[in-house]
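This briefing goes through selected features of one structure, grouped by topic. Please keep the sequence and the 3D view at hand while reading.

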Amino acid sequence: MDKMWSGRFSASASSLLDKFNASIMYDRKLYKEDIEGSLAHAAMLAKQGILTTEELILITDGLNQVYKEIEADEFEWNIADEDLHMGIEKRLTAIIGDAGKKLHTARSRNDQVAVDFRRYVLRQNLEIVKGLKLLMQEVIVVADKHTETLIPGMTHLQHAQPINFAFHLGAYLSMFKRDIARFEDSHKRNNISPLGCAALAGTPHNVDRGMTAELLGFDSVSVNCLDTVSDRDFALEILFNISTMMMHISRLSEELVMWSSYEFGFVELSDEYSTGSSIMPQKKNPDVPELLRGKTGRVYGALMGLLTVMKGLPLAYNKDTQEDKEGVFDAVETATISLEILKEAIKTMEVKAHNMESACGVGHLSATDLADYLVEKCDIPFREAHFITGRAVAKGEELKTDISKMDFKYFKEIDARINEDVMPYLGLRHSMNARTSEGGTATTRTKEQLEYFKTYLKETK
């Protein structure tokens, strides 16, 4: 079968080359964007007098028929057609005749694939944003119930200070909000049309790039055609954005895995989102968060793969960039299902508040509060207060008692300047609620933070 570009060649391509060269078996995912781009291009060509009205009608009707065939799974995808662009154009020509051959006037596959892939990525940026917002809403639902539930705040995975569980979840809300900003910023920056750049240098035909840009929902047209046909920054950006988002998801997943263990016992994932063991009947495994951690590495691989493809390419288009799509398609699918299943896992999990609060009773979480008391009430320099508090912690370790539960007499033995009014400072809930600085863990501040996220979601619907 002759290729559409076969005029230059005297021998047919080998079947091995067809197999190695073709992208049609995966880039056909872009059929909607490709047909929409062709409809806009045809409308522009007719407006500019390059196509007749009759030819435009034929092309429009033919493309709509191709679209219906693909949607109905009646379209024959043939590896010999190389890519979806050639496959669709060949089918169009078979339906309407020679008018179909005129569609490619003033257009190259270089700007055609650039517009298809760019529009796919732009759409997916916004779809992922929707998923992130739904996840945030579910996290807020859980957080609203736990603005007073104590949980150990940690550094170095060691007990540090008492915080409330809603405050802990608020940290992830902050991460997800930043993720949204990245996706939205990428959409805004990359919403420019490549159509009309042709192979690399523009076209001598009297095209109206602004018209096709408007028809396809772009904000503007690209400035330099040489850059445009080989630019894949938009694809790299969505991979980076997904990778960063998945890193945040992986951090939360790591905590869900730990929290659902017997050692922590802070949460229990629902049976719907857990699995068992093939040999140990008692097991209930946190497979969802474990898979989320694993899939994070998968999308990192897609990002590194495309960065490596792009790093040595001379201008302009090179066939190497055919390797740009599979990783993006896979990363987008991974991101989409990850957001959905994490949302459901959080929605259905049981929070074991009693175990969280019990865990705060070990590790001397109110030690910093003792130091603050010494500074505030006894006018002791912080460095000296730090040393005295260290001695109190050592005494607690000796007594096998948390300093929040230690008898006052031991504090008086450590330093005579300590009075009985120290005891309220050592209470865990007092310690949590003492952190009233903006952004702090005090319940009042945590509620403010949740209201901030609720308002953000409401205003950005």
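F240 sits in helix 10. The model is a predicted one. With a relative accessible area of 43%, F240 is partly exposed, because that value lies between the 20% limit for buried and the 50% limit for exposed. Its C-alpha atom is 8.7 Å from that of V299, although the two residues are 59 positions apart along the chain.

**Helices 10 and 7**
- Helix 10 covers residues 233–259, which is 27 residues.
- From first to last C-alpha, helix 10 reaches 39 Å, close to the 39 Å expected at 1.5 Å a residue.
- Most of helix 10 is covered, with 22 of its 27 residues buried.
- Helix 7 (residues 165–190) has 26 residues and an expected span of 38 Å, and its end C-alpha atoms are 38 Å apart, so the two values agree.
- The N-terminal end of helix 7 is capped by N164, which places a side-chain oxygen 3.2 Å from the backbone nitrogen of A166.

**Surface patch**
- A nonpolar patch on the surface is formed by L200, L226 and L315, with about 260 Å² of accessible area together.
- L226, one of these residues, belongs to helix 9 (residues 225–230).
- The relative accessible area of L226 is 32%, so this residue counts as partly exposed.

**Backbone exceptions**
- Most residues other than glycine have a negative phi, and most peptide bonds are trans.
- A106 is not a glycine, yet its phi is positive, at about 65°.
- The loop between helix 5 (84–96) and helix 6 (109–144) holds A106.
- A106 is buried because its relative accessibility is 9%, under the 20% limit.
- L157 also has a positive phi, near 60°, in a residue other than glycine.
- L157 is located in the loop between strand 1 (150–155) and strand 2 (158–164).
- L157 has 51% relative accessibility and therefore counts as exposed, the limit being over 50%.
- The peptide bond from L315 to A316 is cis, with omega near 5°.
- A316 lies in the loop between helix 11 (287–310) and helix 12 (325–348).

**Cysteines**
- How many disulfides does the structure hold? The count is zero.
- C197 has a relative accessible area of 0% and is therefore buried.
- C378 has 16% relative accessibility, so C378 counts as buried under the 20% limit.

Definitions and conventions: Residues numbered from 1 in each chain as written. Predicted model: local features only at pLDDT ≥ 70, side-chain atom pairs only at ≥ 80, totals over all residues. Heavy atoms only, no water. Patch = residues over 30% accessible without salt bridge, like charges linked within 9 Å, V, L, I, M, F, W, Y side chains within 5 Å. Areas by Shrake-Rupley, 256 points an atom, 1.4 Å probe, with all protein chains shown as cover. Salt bridge = Lys/Arg side-chain N within 4 Å of Asp/Glu carboxyl O. Helix = DSSP H or I, 4+ residues; strand = E, 2+ residues; numbered from the N terminus. Buried < 20%, exposed > 50% of the residue type's maximum accessible area, 1.4 Å probe, protein only. Disulfide = S-S within 2.5 Å. Expected span 1.5 Å × (residues − 1). Polar contact = N/O pair within 3.5 Å; in protein donor to acceptor, adjacent residues only side chain to side chain.
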